[in-house]
Amino acid sequence: MATHARPSHPASPQTERQAARRRRMLRASAELAARGGFDAVQMREVAEVSQVALGTLYRYFPSKVHLLVATMQDKLGQLHTTLRERPPDGAGPAERVAETLMRAFRALQREPLLADAMVRALTFADRSVSAEVDQVTRQTMALILDAMGLADPSPAQLSAVRVIAHTWHSALITWVSGRASITQVGFDIETVCRLIDLTSAGPPEEPPGRTAPGPDR
């Protein structure tokens, strides 16, 4: 029986033809997951649906986890495009970010089996998938920064954005596992987004009468 060597790192498309091939693989992955969840995404079937050789699929995605994390990257990219066309209309940055992230949740809610498959892949990801997982985090942060309308965030604001992104990913896990309702998720997202207002206000002032500590005498 033929075997396929699995590269430790996925190949990056260099030409438009290769990019189109990669898009077909991601589309096939999403379609199979939307119909049957994580277990329905079998590499051989993905290869057949996307009309590529199985070895080619493994060259782009060394495992099913790589493939599904990349599928989540792709979905977040599509969402980012949609949000740029129809930006959130909240009154302030915190409201706009909360609206953005809840729109992402509602998009995932429309395809619960796909959402479950992608989130399971994120939770199963080991060190070999760290680059792809980091990309999901960066895409989530880009969504948040766009909603905030910040081109040059301060270190404190970037820290808040990272916390919000981590909270969003954590909320995804609790939601798909049935441990949190969409209402609870919305409350948590609105709560963590208040960090934006706190960091935008600048560092707290020292109370009157306090001086900076000097060296020990």
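**Stop 1: a salt bridge in H5**

Select Arg103 and Glu99. Their side chains meet in a salt bridge, 3.7 Å from N to O. The term covers a side-chain nitrogen of Lys or Arg within 4 Å of a carboxyl oxygen of Asp or Glu. Both residues sit in helix H5 (residues 93-109), 4 residues apart, about one turn of the helix. An α-helix has 3.6 residues a turn, so residues three or four places apart point the same way.

Buried or exposed: what is Arg103? Arg103 counts as buried, at 15% relative accessibility. Glu99, at 23%, is partly exposed. Buried means under 20% relative accessible area, exposed over 50%, and partly exposed in between (1.4 Å probe, protein chains only). Helices are DSSP runs of H or I, at least four residues, and strands are runs of E, at least two, numbered from the N terminus.

A note on the model before moving on. This is a predicted model, with residues numbered from 1 along each chain as its sequence is written. Local features need pLDDT of at least 70, side-chain atom pairs count only at pLDDT 80 or more, totals for chains, interfaces and linings use all residues, and side-chain values use heavy atoms, with hydrogens and water left out.

**Stop 2: other salt bridges**

How many salt bridges does a search of the whole structure find? It finds 4. Go to Arg23 and Glu16. Their closest N and O atoms are 2.7 Å apart. Arg23 is partly exposed at 42%, and Glu16 is exposed at 54%.

Now pick Arg120 and Asp116. This salt bridge has its closest N and O atoms 3.9 Å apart. The two residues are 4 apart in helix H6 (residues 112-124), about one helical turn. Arg120 is partly exposed, with a relative accessible area of 28%.

**Stop 3: helix H6**

Stay on H6 and show the whole helix. Its 13 residues should span 18 Å at 1.5 Å a residue, and the end C-alpha atoms are indeed 18 Å apart. The expected span is 1.5 Å times one less than the number of residues.

Colour the buried residues: Leu114, Ala115, Ala117, Met118, Val119, Ala121 and Leu122. What covers them? The cover includes helix H1 (16-36), helix H4 (64-85), H5, helix H7 (130-148) and helix H8 (155-176).

**Stop 4: the nonpolar core**

Select Leu57, Phe61, Val97 and Trp168. Of the 62 residues in the largest nonpolar core, these touch the most other members. H4 supplies the largest share of this core, 9 residues. Such a core is a set of buried Ala, Val, Leu, Ile, Met, Phe, Trp, Tyr and Cys residues joined through side-chain atoms within 4.5 Å. In soluble globular proteins, nonpolar side chains tend to be buried together.

Centre on Trp168. Beyond four places in sequence, Trp168 touches Met72, Leu76, Leu101, Ala104, Phe105, Leu108, Thr140 and Ile189. A contact means heavy atoms within 4.5 Å.

**Stop 5: two threonines**

Find Thr137 in helix H7. Thr137 is buried, at 16% relative accessibility. Not counting residues up to four places away, Thr137 touches His166 and His169. Thr137 and His169 are 32 residues apart in sequence, yet 8.5 Å apart from C-alpha to C-alpha.

Next, Thr199 in helix H9. A polar atom of the Thr199 side chain lies 3.1 Å from the backbone oxygen of Ile196. Leaving aside neighbours within four places, Thr199 is in contact with Ala156, Gln157 and Ala160.

**Stop 6: Gln51**

Jump to the loop between H2 and helix H3 (54-60), where Gln51 sits. The phi of Gln51 is near 60°, a positive value in a residue other than glycine. Most residues other than glycine have a negative phi. Gln51 is exposed at 68%.

**Stop 7: the whole chain, and where to be careful**

Zoom out. The chain has 9 helices and 0 strands. Of its 217 residues, 42% count as buried. Residues 24 or more positions apart make 72% of the contacts with a separation of 6 or more.

Colour by pLDDT, the predictor's confidence in each residue, from 0 to 100. The chain mean is 87, and 86% of residues reach 70 or more. Among the elements, helix H9 (residues 182-200) has the lowest mean, 91, and helix H2 (residues 43-50) the highest, 97.

Finish with two stretches. Over residues 1-5 the pLDDT stays under 50, with 3 contacts beyond four places in sequence. Residues 204-208 are also below 50, with 0 contacts beyond near neighbours in sequence. Where pLDDT is low, the predicted coordinates should not be read in detail.

Definitions and conventions:
Polar contact = N/O pair within 3.5 Å; in protein donor to acceptor, adjacent residues only side chain to side chain.
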